[in-house]
Amino acid sequence: MATTEILSERHRKLKKEFSCGKVALDNYLKNQAGQDVKRMLSACYVSLDPETGLIQGYYTLSNNSIPLQWIPESFKNRLPSSYGSLPATLLGRLAVDGRFRGRGIGKMLLIDALNRSYGLSRVIGSFAVAVDPMDEEAEGFYAKFGFIMLPDSRKMFLPMATIEKLFNGN
Ligand SMILES: CC(C)(COP(=O)(O)OP(=O)(O)OC[C@H]1O[C@@H](n2cnc3c(N)ncnc32)[C@H](O)[C@@H]1OP(=O)(O)O)[C@@H](O)C(=O)NCCC(=O)NCCS
């Protein structure tokens with residue numbers, strides 16, 4: 001499992017060096033993530049390279065919901081139709097610095113985020129982990145790990161029941 005830690009003041013200088021090649025994701029970490037963590041709008045986790053101390057990558061988690069009408073019929077089995085929307089966990093952003101790309105860090109971060117989300121879903125209900133892929137590259141990454149496109153939105157989701165099997169083998 002990746003060793004991730006919550007973004008804090010001690011990463012202030014390191015944030016400035018982060019570069020994943022997508023300006024919006026770089027700027028988010030540099031300028032916004034700390035504020036969002038302080039205001040409890042989202043949690044941001046970073047993993048540090050043991051050799052250089054640089055930020056290898058980061059991801060964010062927050063509460064979210066998915067309108068029931070977006071969920072494909074095959075996943076609606078036994079869900080109460082009176083529920084207008086389902087609680088979900090939003091993996092809002094995930095990015096790996098270009099210097100650490102292609103070494104399994106993205107996969108490690110994703111597994112760490114799914115494991116954390118699954119643990120939290122046992123405390124506060126969450127039907128799925130949702131992502132908002134910003135482009136085709138991101139879509140390809142999440143699709144590789146089983147995320148399913150919600151046809152009426154730009155979101156993708158992975159049911160928590162699938163994630164549970166991944167970690168518990170149930
Ligand atoms: C997408 C991203 C997170 C991948 O990080 P990474 O550390 O290079 O990926 P990994 O080395 O962990 O790759 C894990 C697996 O995913 C595959 N993969 C990586 N990027 C992929 C993509 N865009 N599409 C499909 N598969 C991809 C790898 O080939 C690897 O496959 P393998 O396990 O069969 O060998 C990284 O390229 C990135 O930060 N991109 C810019 C930001 C971005 O698009 N974020 C996504 C959501 S906001």
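This passage describes the sheet, one helix and the ligand surroundings of a predicted model.

The strands of the predicted model are arranged in an open sheet of seven members, whose order is β1-β2-β3-β4-β5-β7-β6 and whose pairing is mixed. At its edges lie β1, which covers residues 4-6, and β6, which covers residues 148-149, and each of these edge strands pairs on one side only.

The part of the sheet that ends in β6 can be followed residue by residue. Strand β7, made up of residues 156-159, runs antiparallel to β6 and is joined to it by two bridges, and the two strands form a hairpin in which six residues stand between them. Within this pairing, Ile-148 has Phe-157 of β7 as its bridge partner, while Met-149 is partnered by Met-156 of β7. Strand β7 is also joined to β5, which spans residues 128-131, by four bridges, and this pair too runs antiparallel. Here Val-131 has its bridge partner in Met-156 of β7; Met-156 is thus a partner both of Val-131 and of Met-149.

Helix α2, formed by residues 23-38, lies across three strands of the sheet, namely β2 (43-48), β3 (55-67) and β4 (85-96), and runs at about 125° to β2. The helix contains 16 residues and reaches 22 Å from its first C-alpha to its last, a span close to the 22 Å expected at 1.5 Å a residue. Its course nevertheless includes a kink of about 55°, which is centred on Gln-32. After α2 comes Met-40, a residue whose phi is positive, with a value near 60°.

The ligand is surrounded by 22 residues, of which the closest are Arg-101, Gly-106, Lys-107, Ala-138 and Gly-140. Three elements, β4, α3 (105-121) and α4 (136-144), each supply at least two residues of this shell. The largest share of the shell comes from α4, which provides five residues. When the shell around the ligand is divided by class, 10 of its residues are nonpolar, five are polar and seven are charged. Strand β4 therefore appears in two settings, being one of the strands that α2 lies across and also one of the elements that supply at least two residues to the shell around the ligand.

Technical notes: Residues numbered from 1 in each chain as written. Predicted model: local features only at pLDDT ≥ 70, side-chain atom pairs only at ≥ 80, totals over all residues. Pairing = 2+ DSSP bridges. Contact = placed C-beta atoms within 7 Å. Axes fitted to C-alpha atoms, helices over the stretch in contact; angles between N-to-C directions. Near = placed C-beta within 6 Å. Nonpolar A, V, L, I, M, F, W, Y, C, P; charged D, E, K, R; others polar. Expected span 1.5 Å × (residues − 1). Bend = angle between axes of the 7 residues up to and from the residue.
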